[in-house]
Protein chains: 2
Amino acid sequence: MPLFLLETFISVKMAIRYGVIGTGALGGFYGGKLAKAGHEVHFLFRSDFEYVRKHGLRVDSVNGDFHLSEVNAYRDSHEMPLCDIILVCLKTTGNRQLPEMIKPMLHPNSVVVLLQNGLGLEEDLSKQLPGAAIAGGLAFICSNKVGPGHIHHLDYGKLNIGSHNVPDTEILNRVVADFQLAGVHAELSANLRFARWQKLVWNIPFNGMTVVLNTTTDRLMANESTCELSRELMLEVIRGANACGVPLKESLAQQMIEMTIKMKPYAPSMKLDYDHRRAMEIEYIYSKPIQTAQDAGFVMHKISMLEKQLRFIQAHLADK
Amino acid sequence: MPLFLLETFISVKMAIRYGVIGTGALGGFYGGKLAKAGHEVHFLFRSDFEYVRKHGLRVDSVNGDFHLSEVNAYRDSHEMPLCDIILVCLKTTGNRQLPEMIKPMLHPNSVVVLLQNGLGLEEDLSKQLPGAAIAGGLAFICSNKVGPGHIHHLDYGKLNIGSHNVPDTEILNRVVADFQLAGVHAELSANLRFARWQKLVWNIPFNGMTVVLNTTTDRLMANESTCELSRELMLEVIRGANACGVPLKESLAQQMIEMTIKMKPYAPSMKLDYDHRRAMEIEYIYSKPIQTAQDAGFVMHKISMLEKQLRFIQAHLADK
């Protein structure tokens, strides 16, 4: 058998080895689904390490509960094997530590998938880890960590993956296929930048407003003033994206308002962080989009006001 | 003696009879000072009426405490005499009832002085009471009602009075003189509209921001983000005023920031209303300036965002 055929054969048949950095609401669910489906998944934990070693990982899901009794659990990425796909499921507030955590797991063909919200994440990591193949992932999911090694998946779950600078995106197709076979509604996005801006149209108004006004999405929608303000914030995101050459349509604002009105009362992740006095993801959800739009000549007046209010709240979280 | 001389004589010598509508932190202090100085002052009370009838009015002031044992107290303006000057010291949230309250006290030469914050107050009352002579007053004072018939004057006290449509402003000069002799730093403003916009440069950022962020002026100033945001809000007021032909200078923003940094920790009146779950003066401090600027072609992006946040908070005050 000629060598190139053998290589093809191997590359097709070799299973992807997954690493999950940050095993919380997102990493526990998506990584857990892959592990449940029989994939080799290595999980990095912090405080839950001892618990998961003893008791495994439990996922209560609207799509069916499951429990992983044997988990490849680590508390230091230096102890982890090299991985083909590294799913980063940490909050972006910890991204400064990211390169050091990722490095021990990288081989020449590894792809890092940033399953995080916001803008400019791949660009920043690319500067910190020159040459690394990076993709982004957007999770449309309601999921919480409710206890040590215990994830509660409440609703939705779609995963949208797109390449930032992955030389051969065939591996991303295989990741999507792995997720689909594991029961996760995954898709490959042809335009990661478009997908990130599109998600910000919802994330920017509702993460910040639920924190500043200490409320939930349903109340913001039920009040005429804040429903209108949410729409204005969405339009500011859309126009900022347009200034950056991302062709989001203004009609998206009305669609998202209608979708949010139909949703159950919801506290976005930033509101949960606020409620638990944790650091909020202001930098990548607010500051980066504001700066990116401004570099393209568009000033986000209202969003930068929301950012400043959030920075004040962040500084006073301990007073709460 | 010819009749015209007699009339002049009488008009010069006749003391001004004052009526005070709303005897709280402002009305109790300014009306109290006039009464203490020997002027005839008639006070309209609500809940404090019985208490003041029995115990009088007490003013604890940084400039000297005093007590008025005999107060011309009323609980219905229909029982009050006609007054030359009617000082309206109610919160603007009650302005719909104002014409009915004022009418019984009006004689052909009465002047109504609206000692209230915001914009468009005189215009609205003028529509409701066609032909009435109206002036405005701006109080720069830290004063609270701390109990029934009990006012606590903490700091400052300057009173700035200006005509809206007073045919003969000589009476306003006499009011200013009365206040000065009573120990109040009063001045006649040549341009009420200018004075009202100028005061909004401080009131718009700090009333709303202390409510939305549930804080005090010193903390807003100590935080880089909210100090900058306060400045941006001030500049938006100044540019709105400029669009309306009111020549406020942009340097005023920096002056007010520096003044506020030097001030003691302060909760503006809207923050006190919020803390006590009372209606906030959103209409005249926010909505009217926004509308007035917009009519002149200037959009107040950030101030209208603050207005919408306040309207949400107002609607949910009962949940607090």
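**Exercise 1. Surroundings of a proline**

Leaving aside neighbours within four places in sequence, which residues is Pro289(B) in contact with? Also determine whether Pro289(B) is buried or exposed.

Solution. The model is a predicted one.

Step 1: Locate the residue. Pro289(B) lies in helix H12 of chain B, which runs over residues 282–295.

Step 2: List the contacts. With neighbours within four places in sequence set aside, Pro289(B) touches Leu119(B), Trp197(B), Leu200(B), Ile204(B), Glu283(B), Tyr284(B) and Met300(B).

Step 3: Check the separation along the chain. Pro289(B) and Gly120(B) are 169 residues apart along the chain, yet 7.9 Å separates their C-alpha atoms.

Step 4: Classify. Buried means under 20% relative accessible area. The relative accessibility of Pro289(B) is 0%, so this residue counts as buried.

**Exercise 2. Geometry of helix H6(A)**

Compare the expected span of helix H6 of chain A with the distance between its end C-alpha atoms, then find where its buried residues lie around the axis.

Solution.

Step 1: Obtain the expected span. Helix H6 of chain A has 12 residues, 170–181. The span to use is 1.5 Å times one less than the number of residues, and for this helix that gives 16 Å.

Step 2: Compare. The end C-alpha atoms of H6(A) are 17 Å apart, which agrees with the expected span.

Step 3: Collect the buried residues. In H6(A) these are Ile171(A), Leu172(A), Val175(A), Val176(A), Asp178(A) and Phe179(A).

Step 4: Place them around the axis. Their arc is only 155 degrees, so they fall on the same side of H6(A).

Step 5: Look past the end of the helix. Just after H6(A), Gly183(A) has a positive phi of about 90 degrees.

**Exercise 3. The contact between chains A and B**

Describe the contact between chain A and chain B by residues, buried area and salt bridges.

Solution.

Step 1: Count residues. Chain A gives 26 residues to the contact and chain B gives 26 residues.

Step 2: State the area. About 2200 Å² is buried between the two chains, with 69% of this from carbon and sulfur atoms. In chain A, the residues losing the most area to chain B are Met305(A), Lys308(A) and Phe312(A), together 31% of what that side buries.

Step 3: Add the polar terms. Between the chains there are two salt bridges and three residue pairs in polar contact, both residues at pLDDT 80 or more. One salt bridge joins the side chains of Lys308(B) and Glu232(A), at 3.2 Å from N to O.

Step 4: Assign elements. On the side of chain A that touches chain B, two or more residues come from each of helices H7 (192–212), H8 (217–222), H9 (224–243) and H13 (301–315). H13(A) supplies the largest share, 11 residues.

Terms used
Residues numbered from 1 in each chain as written. Chains lettered and ligands numbered in written order. Predicted model: local features only at pLDDT ≥ 70, side-chain atom pairs only at ≥ 80, totals over all residues. Heavy atoms only, no water. Helix = DSSP H or I, 4+ residues; strand = E, 2+ residues; numbered from the N terminus. Buried < 20%, exposed > 50% of the residue type's maximum accessible area, 1.4 Å probe, protein only. Arc of directions from axis to C-beta. Contact = heavy atoms within 4.5 Å. Buried area = accessible area lost by both parts, 1.4 Å probe. Salt bridge = Lys/Arg side-chain N within 4 Å of Asp/Glu carboxyl O. Polar contact = N/O pair within 3.5 Å; in protein donor to acceptor, adjacent residues only side chain to side chain.
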